[in-house]
Amino acid sequence: MSTAWTSRYALRTKGITSSQIRELLKVTQKPGMISFGGGLPAPDVFPVARFEEACHKVLSEQAPSALQYGETEGYRPLRELIASNMTRYGIKAEAENVMITSGSQQALDLIGKLFINRGDRVLLEAPTYLGALQAFNVYGAEYESVPIDDDGLRTELLEKPLRSGPKFMYVLPNFQNPAGTTLSEGRRHELVLLADRYGIPIVEDDPYGQLRYEGEHLPPLIVLDRENLRRDHGYSIGNVIYLSTFSKTLAPGLRLGWIVAPPDVIGKLTQLKQGADLHTSTFTQFVAYEVARDGFLDKHVKLIRKIYGERRDVMLQALQEFFPPTVTWTHPKGGLFLWVTLPAGIDMQALFKSAIKQNVAFVPGDSFYANDGPGNDSMEGSRHMRLNFSNAAPEQIREGIRRLAAAVKSQLTGTTVRLKLPLEV
Ligand SMILES: Cc1ncc(COP(=O)(O)O)c(C=O)c1O
């Protein structure tokens, strides 16, 4: 007799579904499809030759330790390199404050495991990163969403939700996923002060901070928390846990991210990580260290900024050229995404289907909202789409936006807009 598996699944799996984006990525494999769907880096910027050299060096010089089990906190030279690289963003952490994770996604899972009891509330931006919702949902999180605008999280709306005592807040200050917005400097100051006043910790997720294409870098929340409120204590205490990753600067296939937190939090996360995977791949950490060292990462990030900055400009230009005037979009200063707002009442599912028929894909906005009340009615989500501009080549971006504009126009007018023959892309 075969087991009825579903009746044996744990209660915590109830209501857990696959990410709409993962499902969508399957459709985007179709030949001829131009995808603005995933958050994929451009494969043409992967530093393949440097990886080849690094793998060879690691295997010829360090195989006994690179292929062995390693420390749960991560390979020490890599943690030191990360700590040293972060100083240019003002983060003066020691290796003891840094734990390597299997991507930032694992950091989110471990944070959920560490902090969330069933029914605990997490304060989020609306919209927010879908993967964080997926990570926290498993632990039974409930949510309170606060809307964002062009300057990021609307801090003037925070007092009431903070007073009601959420477990922590999850914030994306730089080139937010999905909206591409950046939290202004004034709001950053306000946010750390409010969080401190109400004793609510902040999880600052920053995968895109290094990918700025214009303007000046703004201080991370972890730096403002320390400088404004805890000058004498270094990183031994603090109200902010900071996350980042090599996924967007080297390659997401590495699955390498990191957490910066006070040592006692790192200690507890380390115990939880032992149960999850013992440690992140030793070999991958050795290779990433060899790739990133001696200033290579800095040079490489400059190249990525140039390429993605150009792609962003091509997308903005094409939107301006092809989209009807009733549609608006954000102007991200960095990162991988922009956020399009369509007139209220648009049938997003029909638009998505029609775009797929035209061989162009995007992610409908409702995926990025938690299921809670204000700041997040599903009507609000249903008039947005997230567009990624890092993955497709410039000529594909232009053609993709042209196709998408035709799909949008026909949804808005209820007619079919006939495209001339698609350009070869
Ligand atoms: C905001 C945010 N956090 C975390 C992640 C996960 O990144 P990683 O590849 O490091 O797991 C992503 C990936 O796109 C992201 O956009």
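Four strands form an open, antiparallel sheet in this predicted model, and their order is β10-β11-β14-β13. Because β10 (328–329) and β13 (363–364) stand at the edges with a single partner strand each, one side of each is left without a neighbour in the sheet. Inside this sheet, strand β11 (residues 337–341) pairs with strand β14 (residues 384–388) in the antiparallel sense, and five bridges join the two. One residue pair can be named here: W339 has R386 in β14 as its bridge partner. Strands of a sheet pair through backbone hydrogen bonds, and the pairing can be either parallel or antiparallel.

**The eight-stranded sheet**

Another open sheet is formed by eight strands in the order β2-β9-β8-β7-β6-β3-β4-β5, and its pairing is mixed. At its edges are β2 (98–101) and β5 (152–153), each of which pairs on one side only. Helix α4 packs on this sheet, where α4 touches β2, β6, β7 (202–205), β8 (240–245) and β9 (257–260). The direction of α4 makes an angle of about 155° with that of β8.

How do strands β3 and β6 run where they are joined, parallel or antiparallel? Strand β3 (residues 121–126) and strand β6 (residues 168–171) run parallel, and three bridges join them. V122 has F168 in β6 as its bridge partner.

**The ligand**

Around the ligand there are 13 residues, and the closest are S104, D205, Y208, T245 and S247. By type, the residues of this shell divide into four nonpolar, six polar and three charged. Helix α4 (residues 103–115) supplies the largest share of the shell, three residues. Helix α4 is also the helix described above as packing on the eight-stranded sheet.

Three side chains each have an N or O atom at a short listed distance from a ligand atom. The table gives these pairs.

| Side chain | Ligand atom | Distance |
|---|---|---|
| D205 | nitrogen | 2.6 Å |
| Y208 | oxygen | 2.5 Å |
| T245 | oxygen | 2.6 Å |

How much of the ligand's accessible area does the protein cover? On its own, the ligand has 390 Å² of accessible area, and the protein covers 92% of it.

**Backbone details in the loops**

Two peptide bonds that lead into a proline are cis in this model. The bond from A126 to P127 is cis, with omega near 5°. P127 has its place in the loop between β3 and α5 (130–137). The cis bond that joins N177 and P178 has an omega of about 20°. P178 lies in the loop between β6 and α7 (185–198). These loops involve β3 and β6, the two strands that three bridges join in the eight-stranded sheet.

Which residue has a positive phi although it is not a glycine? D294 has a positive phi of about 55°. The place of D294 is in the loop between α10 (282–292) and α11 (296–322).

Technical notes:
Residues are numbered from 1 along each chain as its sequence is written. This is a predicted model: local features need pLDDT of at least 70, side-chain atom pairs count only at pLDDT 80 or more; totals for chains, interfaces and linings use all residues. Side-chain values use heavy atoms; hydrogens and water are left out. A residue is near a molecule or strand if one of its heavy atoms lies within 4 Å of it. A polar contact is a pair of N or O atoms within 3.5 Å; within protein, one must be able to donate a hydrogen and the other to accept it, and residues adjacent in sequence count only if both atoms are side-chain atoms. Accessible areas come from the Shrake-Rupley method with a 1.4 Å probe; for residues, only the protein chains shown count as cover. Ala, Val, Leu, Ile, Met, Phe, Trp, Tyr, Cys and Pro count as nonpolar, Asp, Glu, Lys and Arg as charged, and the others, Gly among them, as polar. Two strands pair if DSSP finds at least two bridges between them. Contact means heavy atoms within 4.5 Å. Axes are lines fitted to C-alpha atoms, for helices over the stretch in contact, and angles run from 0 to 180 degrees between N-to-C directions.
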